[in-house]
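Student: I've got a structure to go through and I'd like to work it out step by step. Can we take it as questions and answers?

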Amino acid sequence: MDTSRDIAADRLLDWMIDTYFRVEVSGWENIPDQGSGMLVANHSGAWALDGFVLHRILERGLARRVQIQASEIIFRFPVAGAVSRRAGMVGSDPTLGLSTLGSGQLVAVFPEGFSGVGKGFQYRYQLQRFSEGFAVTAMHVGAPVVPVAIIGAEEALPKVGEVPGLARLLDLPYVPVVPAFPLPSKWLIRFGEPMPAPARPDAFAERAEAARLFRDQVQETVQAMVDRERRRRVNAFW
């Protein structure tokens with residue numbers, strides 16, 4: 001049963017999505033309506049607000065659940081951790097949802113990790129190197145990858161500096177200097193056409209090379225989508 005805190009969090013996210021960020025979503029038809037699938041998205045905005053927005057968008061727009069992988073650090077913060085758990089997010093899993101995908105469900109991941117959300121504002125929308133774990137998992141299960149482009153988080157919570165001493169004290173990768181409240185940027189979310197995972201070779205070296213190549217293909221696809229959606233957006237705050 002939803003608690004009053006859960007309801008308040010959902011209402012706040014709904015207001016942000018519909019009124020404040022004016023999120024436009026396209027490509028719903030590219031998400032499998034049955035069977036396994038892995039949504040692979042770019043990651044940006046200093047406090048990873050894009051993960052919560054994406055989850056809420058998927059929760060509202062799909063008839064099936066998506067398990068979103070989140071950093072363990074999120075669960076150390078009382079409010080964010082509680083909202084994440086209620087939403088069904090799970091901590092960093094070395095197998096990146098292998099059992100979930102194997103049972104025919106959907107998983108969403110952000111392969112840039114902290115490199116994506118921790119980069120400076122001057123590097124906005126320049127995707128950082130994807131980890132290849134998602135590619136290994138997708139190949140193992142034979143699950144298609146749905147590339148996802150998220151535009152708007154960079155301007156909503158731009159990282160303009162860091163507080164290294166506080167980061168060390170709290171044992172965090174970084175503590176960013178950001179606006180006190182997200183800025184009203186214009187968001188676009190695009191789900192791209194599914195990319196079938198390549199066949200999984202028997203030899204370890206060949207599997208590793210195939211995973212690296214697939215990782216690179218997915219990252220190039222997401223970057224191209226991000227670039228295209230940015231050009232489509234008239235103004236970052238319109």
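Tutor: Sure, and here's the cut-off to keep handy: buried means under 20% relative accessible area, exposed means over 50%, and partly exposed is in between. Also bear in mind that this is a predicted model.

Student: OK, let me try that out. Is Arg60 buried, partly exposed or exposed?

Tutor: Arg60 has a relative accessibility of 38%. Partly exposed covers what falls between under 20% and over 50%. So Arg60 counts as partly exposed.

Student: Which side chain does Arg60 meet in a salt bridge?

Tutor: Look for a carboxyl oxygen within 4 Å of a side-chain nitrogen of Arg. Here the N to O distance is 3.1 Å, and the pair links distant parts of the chain, with Arg60 in helix H2 (residues 49-61) and its partner in helix H1 (residues 4-20), 46 residues apart. That partner is Asp14.

Student: And is Asp14 buried or exposed?

Tutor: Its relative accessible area is 19%. The cut-off for buried is under 20%. So Asp14 is buried.

Student: How far apart along the helix are Glu59 and Arg56?

Tutor: Their side chains meet in a salt bridge, at 2.5 Å from N to O. Glu59 is partly exposed at 32%, while Arg56 is buried at 12%. Both sit in helix H2, 3 residues apart, so the separation is about one helical turn.

Student: What about helix H9: which residue forms a salt bridge with Glu229?

Tutor: Glu229 is buried, with a relative accessible area of 7%. Its partner is partly exposed at 44% and lies 3 residues away in H9, about one helical turn. The closest N and O atoms are 3.0 Å apart, and the partner is Arg232.

Student: Which residues do salt bridges with shared partners join into one network?

Tutor: The structure holds 14 salt bridges. Some of them share partners, and that joins their residues into one network. The members are Asp10, Asp14, Asp18, Arg56, Glu59 and Arg60.

Student: Switching to packing, how are H6 and H9 oriented to each other?

Tutor: Helix H6 (residues 133-141) and helix H9 (residues 204-232) have their axes 8 Å apart, and the angle is about 115°. H6 passes H9 in a right-handed crossing. Angles of 65 to 115 degrees count as roughly perpendicular. So H6 and H9 are roughly perpendicular.

Student: What separates the C-alpha atoms of Gly133 and Arg215?

Tutor: Gly133 lies in helix H6 and is partly exposed, with a relative accessible area of 26%. Along the chain, Gly133 and Arg215 are 82 residues apart. Their C-alpha atoms are separated by 8.5 Å.

Student: Last topic, the surface. Which helix gives the most to the nonpolar patch?

Tutor: The patch is about 520 Å², made by Val160, Val163, Leu166, Leu169, Leu170 and Val177. One helix, spanning residues 164-170, gives the most to it, with 3 residues. That's helix H8.

Student: And where is Val177 placed?

Tutor: Val177 is one of the patch residues. With 35% relative accessibility, Val177 counts as partly exposed, and patch residues need over 30%. Its place is in strand S7 (residues 176-177).

How values were computed:
Residues are numbered from 1 along each chain as its sequence is written. This is a predicted model: local features need pLDDT of at least 70, side-chain atom pairs count only at pLDDT 80 or more; totals for chains, interfaces and linings use all residues. Side-chain values use heavy atoms; hydrogens and water are left out. Patches are made of residues with over 30% relative accessible area and no salt bridge: like charges are joined within 9 Å, nonpolar side chains (Val, Leu, Ile, Met, Phe, Trp, Tyr) within 5 Å. Accessible areas come from the Shrake-Rupley method with a 1.4 Å probe; for residues, only the protein chains shown count as cover. Helices (H or I, at least four residues) and strands (E, at least two) are DSSP runs, numbered from the N terminus. Buried means under 20% relative accessible area, exposed over 50%, partly exposed in between (1.4 Å probe, protein chains only). Axes are lines fitted to C-alpha atoms, for helices over the stretch in contact, and angles run from 0 to 180 degrees between N-to-C directions. Angles under 35 degrees count as roughly parallel, over 145 as roughly antiparallel, 65 to 115 as roughly perpendicular and the rest as oblique. A crossing is left-handed if the near helix is turned anticlockwise from the far one by less than a right angle, and right-handed if clockwise.
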